[in-house]
Structure formats: C-alpha cells, structure tokens
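The following exercises ask the reader to work from a displayed structure to a description of its parts. Each task is followed by a solution in steps.

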Amino acid sequence: MSVLDVKDLTIHIGDTKSPAHAVDSVSLHIERGEVVALVGESGSGKTLTGLAIAGLLDPPLRRVGGEITLLGENLSALPESQLRRRRGDRLAMVFQDPMATLNPVLRIETQLVETIRAHRNVGRNAARDEALAMLDEVGITLPAQRLRAYPHELSGGMRQRVAIGAALINRPALLIADEPTTALDVTLQAQILALIDQYRRDHGTAVLWITHDLGVAAGFADRVLVMYAGQIVESGPCARVLQAPAHPYTAALLGAIPGSVPPGTPLATLPGQPPGLSPPPEGCRFRARCPRAAAACIAAPPQVATGEARTVRCFFPLVTPP
Amino acid sequence: MNEPLFHARNISQSYVLANGWRQRRSTLQALDDVSLTLHAGESVGIVGESGSGKSTLARIIVGLLPPTAGERYWQGQRLPDGPHAGIQMVFQDAASALNPRARVTELIAEAPRIHGLITSGESDFVATQLNRVGLDPQLAQRYPHQLSGGQRARVGIARALAVKPQLLVCDEAVAALDVLIQAQILNLLQQLRRELGLTLLFISHDLGVVRHLCERVVVMHHGRIVETTSAGQLAGLPSSLFRS
C-alpha cells in the first residue's frame, strides 16, 4: 500500500464562472521511504498540490475534484476537525520560510512541546526531553540552550532545522517539503538534504519534495514529477528522466541550467511565458512554446507510459517507447 | 598594466552587536582587510557562503555603506564616501528594490534626469532603456506589482544601466528566479556586457552561475578573500571552504 495516493486532484482559483484551472487532474503516489520531487516553475501548481494534500487550501482556492488517500484513509472526505488531527501527526509540512512556520513570540521549547502534546498524551517533561532529542537529531549544536531561544535568536539555517524538527517530531508517515532549501546557501542546502535523506532511511518516511531546482531533485529524489501549467507532463525515475528527458519542457528546463553549455555561450531558453489558466488553452498547454509542436498538438495529449516506469504527456516525446 | 577601472584597498567593516538589553556589546568583523581590483571589461564573480561578507563588500563597492576602514579608487582617483554614477547595482529581490508606488518610467528616468543624461524626450529615453533589456516599451506605465518576476528583474537591470555605468554590481541578481527566467537574464547580462563594454561584478552562492558568467572568481570566507582563481579552476576548489 502506498503511503500517499492522489487521484485526479483538480484545483480551481477564483469565482465559479471563470476560475483559473490551477491544478488539473494530478495523480501521484509515494511509497514508504521514497522521495518524490515535484518540479515546476512558479505558477505551475506544484505548491497548490502540496497544500491540497495537507488540506490547507483556503478560498479562493478550491479543490473541485480528486481523492487524497493517506495510509488507506480518504483525507478528502474528512471534516476539518479530523484533518487537524492528521496534520502534524501522520503528515507534516515544511515551508520555504521558517519564520512563517515558527511563532516569533514563543520559545522553541514551547512550540515543540505544544506540537507533541497536541497529538499525543505525553507529560510536559517527557515532551521536553523529546524536543531536546529532536533538536539534536536535526543537527542543532547546544540543543539545551537553543530550546530556550526565540526564533529571531537563531540563524536562517538553524531556524529551518527547527521547523523540520517540528514537522518530524510526531514521526509523520508523509513529509511535504515546499522549497525548504531555496533560501539557504549551498552548504546549508546540502546539510538539510542529507538530514532529510538520513531521516527517511531511518524511519521510512515518505517525502514529497516540491522545488523549482532540478539540481536538487537530481541528487536526492528517487522519482521526479515535472509540472507545467497545472498538469504533470512527465514522470519517472529521477536519474532516467534527467539523463534522457522525454517531454520537450523537461529538456528545456535542463538546457537552461548553467553548465549545460560551455561558459560564456548563451543558455537555451524558451520563448514566451506559461499560458494563462482561466481558462487553460485548448490542446497541449506547452504547444505555444514548444520547439516540436505540430498540428496534432491542438488536441490534448494524454499521459502515456513510455516504459521504465515513466510517463509523458506529449505526442512527440524525445524518448520513444521501447 | 593599464590603470584599473576600480580598486578597493584594505577594506574592513565591523558591525557592533548588542547581545541583548544591557548586555556587553561585541563586534562582528564582517570584512577584514579586503582588497579587490577590477579592470575595464572584466567579469568577476564573488562566491562564498552566507555570512562570508560578500554582500557587505558589494554594498561598500557601490557606496551604499561607508567602510570602517579602507579606500575606494575609480580610475586611479580616490572616491569619497557615497554612491558614484559609474557604479550601479542590481539587487537580489527586484520586488523590494523597486519603489512600489512609482511607475516603471519614473523608476528608470529619475536618476538619469538628475544626472542630466536625458537630452531629448523622456519617453523616448525610457523606451530605449526598456528595449535594451528586452522589454516592451508599453510597460513604462505599469507599476512593479503589475510585472512578472522576470520583467521586474529586467526593470532592475534597466534602472541600473540608465545612468550609463561602467561597473555593474549584481548581488544575487538571479537567485530568486526560476531556471528558465534565470537563463534569460544571464543571457541578457552577457549580451549587455558585450554591447556596452560593461565591467561586471557578480555575487552569487551558485557556483554554476558564476562559472558560466565570470572569467575570474574571488572566494570569500569569514570576511576575507581566501582565493582568487580563474572560473575554469573553480571546480577544483577545496570543498572545506564551503563547510562551516
């Protein structure tokens, strides 16, 4: 059984007459101990997908279709009061800005102890010991001192470690991480990735890693899902997809990374911008920017398997099925 | 060798830290005796982790921050404290660097107007500047919040170039952008550098970007320049520098 199973998740933004189709029939699954990277540009719908799984969509965002199953339980049917019991317990989320997660006027200790006691019947002292152990586990030096600190007294990297510690403290089965390393420099980024990697090996946590950085996905994820304009356009084992992308959009993302061409020569870019989504364009959503677009692309391409556990949403993929 | 375009000599900067209410003050040495020479037309990268002093150095070079000690020289002449029209800066977060209450035309035209660089019509001037960074001149009447992230980054570059600087300092100018937009902006900077003969000082924590754009790379660590190397050699850097 998968830890997480999402079927045909569809999210609209705005009024019911002309909503933006921000996420369109996204399906994904994550197994125990697996890291899945959800990659896409700003506005591709990757963050909304993560928020929807955690049940954190507020108006004007609306989940208008789809089913989210966590450990065999249908989350999409649960009332908010029940969902609240699951968040921070079976599933947890880490965001880009740790200051948005941490309460600036409470000590780290108060916040971690509260998180434990909200979900489990643990005494105050036992919870404090657990919090201390967790700070140590996420690599915070002098954990006893940091426990008494306020968030503003910590560096950016340390705050993110605390936020990750708070997310992991009730041993969730699923961790949703939305760009948690984007604001950090490369050293800290590597440390945080190593930390999460070790944790999922030790505890079998399933991880959904949301990022715009294919480089991060490359070294870390088992599988990658590429989103464009609200749809998953390509999926598959990370190494295979990045080595031989099937969708022209994935290829464009890889070609735009410095280092893909000799220094000083122009990087490959795409013309134009992602399409508006209220309503989304007919047919293939990437067609207007695609170097391989042809007459057939006026119809919407289905998501098809190409072998090796890969799928692609394109009539003219760069990798042909075996 | 020719007179360098810019030279920073023995720059030091310390910040006073108050540890808390009525606690003893301590100082943080953000920059410790840093010297840097830039020749005309060069493209130099500064890399280092957070807190290594690279942004402080950038602010001192541009004149936004008077150093605790040290001097700046422009074509051999000592520069007084404060900004200089020949040195302009592109900031990391274009959204917060651009005045949200000013239209694009005002953002771009204000400084050159004061410097007396606008000789004919102002709208023509702004249109030329926007065209140069690949933006539609129709955007001149927009406010920053009406632009996309990539467009805002381009306005930030157009604003810096409007006073005809010779040295452009980019502090993490592409760090917040998606990879496709980042590629467009990097291509634009390369193209502008060729067309205008700009000297570029590019500060980044992304070694890939620096290797792509720069010929020479300066590595900073704990407020000091610990190594200067050609960009091609960057791959072989001791990795201990990037561990805290």
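Helices (H or I, at least four residues) and strands (E, at least two) are DSSP runs, numbered from the N terminus. The model is predicted.

**Exercise 1.** Determine how much of residues 4-254 of chain A is helix and how much is strand.

*Solution.* Step 1: the stretch is taken from UniProt, where an unreviewed entry lists residues 4-254 of chain A as "domain: ABC transporter". Step 2: over these residues the chain is 40% helix and 26% strand. Step 3: the C-alpha atoms at the two ends of the stretch are 28 Å apart.

**Exercise 2.** Establish whether helix H5 of chain B is largely enclosed or not, and name the elements its buried residues pack against.

*Solution.* Step 1: H5(B) covers residues 149-161, 13 in number. From first to last C-alpha the helix reaches 19 Å, close to the 18 Å expected at 1.5 Å a residue. Step 2: a residue is counted as buried under 20% relative accessible area. Among the residues of H5(B) that satisfy this are Gly150(B), Arg152(B), Val155(B) and Leu161(B). Step 3: because 11 of the 13 residues are buried, H5(B) is largely enclosed by the rest of the structure. Step 4: the buried residues pack against strands E6 (87-90) and E7 (167-171), and against helices H2 (94-97), H3 (104-114), H4 (122-132) and H6 (179-196), of chain B.

**Exercise 3.** Describe the open sheet of 6 strands in chain B and the helices that lie across its strands.

*Solution.* Step 1: the strand order is E6-E7-E8-E3-E9-E10, with mixed pairing. Step 2: E6(B) and E10(B) (224-230) stand at the edges with a single partner strand each, so one side of each has no neighbour in the sheet. Step 3: neighbouring strands are turned by 20 degrees against each other on average, direction ignored. Step 4: E9(B) (residues 216-221) and E10(B) run antiparallel and are joined by 6 bridges; Val217(B) has Thr229(B) as its bridge partner in E10(B). Step 5: H5(B) lies across E6(B) and E7(B), at about 170 degrees to E6(B). H6(B) lies across E3(B), E7(B) and E8(B), at about 155 degrees to E8(B).

**Exercise 4.** State what area chains A and B bury between them and which residues of chain A lose the most.

*Solution.* Step 1: the contact takes 26 residues from chain A and 21 residues from chain B. Step 2: the two chains bury about 1900 Å² between them, 57% of it on carbon and sulfur atoms. Step 3: in chain A, Asp185(A), Thr187(A) and Pro258(A) lose the most area to chain B, together 26% of what that side buries.

Note on methods: Residues are numbered from 1 along each chain as its sequence is written. Chains are lettered from A and ligands numbered from 1 in the order in which they are written. This is a predicted model: local features need pLDDT of at least 70, side-chain atom pairs count only at pLDDT 80 or more; totals for chains, interfaces and linings use all residues. Side-chain values use heavy atoms; hydrogens and water are left out. The expected span of a helix is 1.5 Å times one less than its number of residues. Buried means under 20% relative accessible area, exposed over 50%, partly exposed in between (1.4 Å probe, protein chains only). Contact means heavy atoms within 4.5 Å. Two strands pair if DSSP finds at least two bridges between them. Axes are lines fitted to C-alpha atoms, for helices over the stretch in contact, and angles run from 0 to 180 degrees between N-to-C directions. UniProt positions are given in the numbering used here, feature names are shortened, and annotations may be inferred rather than shown by experiment. Buried area is the accessible area (1.4 Å probe) that two parts lose on being put together, summed over both.
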